[in-house]
Amino acid sequence: MSKFYSVRDLEFQIFENLDLSQLTAIPYFADHSEDTFRMVLSAAREIAERSLYPLLTAMDRNEPVLEGGRIKIHPGMKAIVKQFGEDGWINATFSHEEGGQQLPWTIHLAAGYILQAANYSASVFPFLTTGAANLIRSFGSEELIQKFTPKMYSGDWQGTMALTEPDAGSSLSDLNTLAIPTSKEGVFQIKGQKIYISCGDHDACENVIHLMLARIQGAPAGTKGISLFVVPQKDPETGEPNDVLTEGLYHKMGYKGAPIAHLMIGSNEACLGYLVGEANQGLKYMFQMMNEARLGVGMNAVAIASAAYQSSLSYAKERPQGRKITEKDLSKPQVPIIEHADVKRMLLFQKSITEGSLALLMYCSWLADQVSHGTSGDHGAMEALLDLLTPIAKSYPSEIGLQSTSAAVQILGGAGYTTDFPVEQYYREARIHPIHEGTTGIHGMDLLGRKVLIQDGLGWKALMKAIGNDIKEASQLGELEKMSAALARYQSMSNQCLQEQLVKMKQGTDVFLADATLFLELCGHLCLGWMWVRQAVSASKNFERDPVFYKGKIRAAEYFMEYELVKIESLAKRLASDSFPTLDIEKEGF
């Protein structure tokens, strides 16, 4: 039994609830089998348990420092970063021709979940490089691919995503980093600054390769004038500095082991960057990495919530406190706190959130594999459904996962508030995910303002169809009839709620999007209710093989329906209201 995730549940999600072995029918994945998938997960678990988890506390207590213009991180990370490269984790999903393994993204993401649950800070280094390298290989010239990706794949060079500036966070249209053409085609002088750059500088690699957004001199204002550049910290051929200076290091609430840098670019007019693809298409290219990263952030949130759940579950089984409420004889021994109903409630909350969210992220990554490499006739609907689910799968697990982690602290009581137990660290680390890769509010507006509307609502229609199909299957299993009826009721309520929101469009964008975050929350509850019905169906069909495990699944599904799915009703009531205090209050009123 792992200390930070459930091996049994992850195998259930992959091989029973999704039956991922069916992906091997797709030509791109044909060299794989269930055995190879299990080998990958086993390898991830071994690295997690032997290398990452032992450094969890040390990396939190001994955070990075900036000395002599270079960030120094925990010395144990150098071997870990190198191992990720040598073992092929960074380019595992890429083609055989590129030295990759053509591994399904679903398995790669599942392996990432194991690593993130073990030590979130340590896990981010390789996957940031994966995303940056993927942009170069997808949109860069053959020259750029050959110049940069081999050393990134090997783990010698770190990759980053350099977007944010002091005056341009979520509003990337306001970024000011400038790219000035040089005499060499495709090479530009870069000048500006970037902040909050994850792994933007550290001493566990030879070079840092930034995938950076900048505006070419004379380009149009706004998002239409943004281009994408490869900006190395050092010249890839000579190793000489490229005028990318680490100006500062941010000190964070959690997730301390991975450095977050403030970079000054071109202070000495000597920074060169290499244009990726076409000019003024940078934001379009970057969104590929951002959309993958958004699902990754959702999985990060699930992983930390899972680690907190496993810790509080272990504590609840071992910690004696009090007696059953009906026991009046004080001479009787105290019982483990897991015997108390309210502790069971908090544990069920955590189980329902972590396992439900994991199911949602696994489903989304399965869709991504189908969209990227499958040949299904429903390709268009699958892609629309994935686009619709992305803001939900990023934001809902991030927000509700923080609540789940808070419940873990509560179960430990006073002990949970101390550094002697890991749950306080998990709570601090969980807080970043509603911020990373777009705040919850941004994703709420994206969902309601864009995703439910595009292609005449194709994504929403695909979601309603998929939920309806699983409701129908569950309704044919007698023990799940009540559960399927509840999901059907709240599906109808959610659909009606959307129609009411679309009517509000006539009242103006401010009114339409005022409660977009609440609509996203409603959709999150609906999607997890859907995921729990799917899991209950799988559990019911296989019940005799492992009655204890599957009974736990069905009880967690019942909990979610009775305690969490019902929140749709109050959210729908609020969303139907014509009162808007958030719009009506003046700033002086605060």
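**Exercise 1. In which sense do β7 and strand β10 (residues 272-275) pair, and over how many bridges?** Then work out how β7 sits among its neighbours.

*Solution.* Keep in mind that this is a predicted model.

Step 1: start with the pairing. β7 and β10 run antiparallel, with two bridges between them.

Step 2: look at the other partner. Strand β6 (residues 207-216) is also antiparallel to β7, and seven bridges join them.

Step 3: pick a residue that shows both pairings. Phe229 of β7 is the bridge partner of Met212, and in β10 Phe229 has Leu275 as its bridge partner.

Step 4: check which way the side chains go. Ile226, Leu228, Val230 and Pro232 point one way from β7, while Ser227, Phe229 and Val231 point the other way. Both sets are buried.

Step 5: put it together. Seven of the seven residues of β7 (residues 226-232) are buried, so the strand is largely enclosed by the rest of the structure.

**Exercise 2. Classify the ring pair Tyr5 and Tyr113, and say which parts of the chain it ties together.**

*Solution.* Step 1: recall what you need. A pair of aromatic rings is described by the distance of the centres and the angle of the planes.

Step 2: get the count. There are 19 aromatic pairs in this model.

Step 3: read off the geometry. The ring centres of Tyr5 and Tyr113 are 6.0 Å apart and the planes stand at 85 degrees; planes over 60 degrees apart count as edge-to-face, so that's what this pair is.

Step 4: place the partners. Tyr5 lies in the segment before α1 (7-17) and Tyr113 in helix α5 (residues 105-118), so the pair ties together parts that are 108 residues apart in sequence.

Step 5: check burial and company. Tyr5 and Tyr113 are both buried. They belong to one aromatic cluster, which Phe4 and Tyr53 complete.

Step 6: take a look at α5 itself. 14 of the 14 residues of α5 are buried, so this helix is largely enclosed by the rest of the structure. Its length works out too: at 1.5 Å a residue the helix should span 20 Å, and its end C-alpha atoms are 20 Å apart.

**Exercise 3. Do the same for Tyr363 and Trp530, then find a polar residue in the helix that carries Tyr363.**

*Solution.* Step 1: the ring centres of Tyr363 and Trp530 lie 5.1 Å apart with planes at 75 degrees, so this pair is edge-to-face.

Step 2: Tyr363 is in helix α9 (residues 341-373) and Trp530 in helix α16 (residues 516-541), so the pair ties together parts that are 167 residues apart in sequence. Both rings belong to buried residues.

Step 3: stay in α9 and find Gln350. With a relative accessible area of 0%, Gln350 is buried.

Step 4: list what surrounds Gln350. Setting aside neighbours within four places in sequence, its contacts are Ala308, Tyr309, Ser312, Ser404, Ala407, Ala408 and Ile411.

**Exercise 4. Compare the surroundings of Thr149 and Ser475, taking burial, polar contacts and touching residues in turn.**

*Solution.* Step 1: locate them. Thr149 is in helix α7 (residues 142-153), and Ser475 is in helix α13 (residues 454-475).

Step 2: burial. Thr149 has a relative accessible area of 3% and is buried, whereas Ser475, at 32%, is partly exposed.

Step 3: polar contacts. A polar atom of the Thr149 side chain lies 2.6 Å from the backbone oxygen of Ile145. For Ser475, a polar side-chain atom lies 2.7 Å from the backbone oxygen of Lys472.

Step 4: other contacts, leaving out residues up to four places away in sequence. Thr149 touches Ala133, Ile136 and Leu144; Ser475 touches Glu481 and Ser484.

**Exercise 5. What is unusual about the backbone at Tyr196 and Cys199?**

*Solution.* Step 1: the baseline. Most residues other than glycine have a negative phi.

Step 2: the values. Tyr196 has a positive phi near 60 degrees, and Cys199 has a positive phi near 55 degrees.

Step 3: the setting. Tyr196 is in strand β5 (residues 187-198), while Cys199 is in the loop between β5 and β6. Cys199 is also buried, at 0% relative accessibility.

Methods. Residues are numbered from 1 along each chain as its sequence is written. This is a predicted model: local features need pLDDT of at least 70, side-chain atom pairs count only at pLDDT 80 or more; totals for chains, interfaces and linings use all residues. Side-chain values use heavy atoms; hydrogens and water are left out. Buried means under 20% relative accessible area, exposed over 50%, partly exposed in between (1.4 Å probe, protein chains only). Helices (H or I, at least four residues) and strands (E, at least two) are DSSP runs, numbered from the N terminus. Two strands pair if DSSP finds at least two bridges between them. Rings of Phe, Tyr and Trp (its six-membered ring) pair if their centres lie within 6.5 Å; planes under 30 degrees apart count as stacked, over 60 as edge-to-face and the rest as tilted. A polar contact is a pair of N or O atoms within 3.5 Å; within protein, one must be able to donate a hydrogen and the other to accept it, and residues adjacent in sequence count only if both atoms are side-chain atoms. Contact means heavy atoms within 4.5 Å. The expected span of a helix is 1.5 Å times one less than its number of residues.
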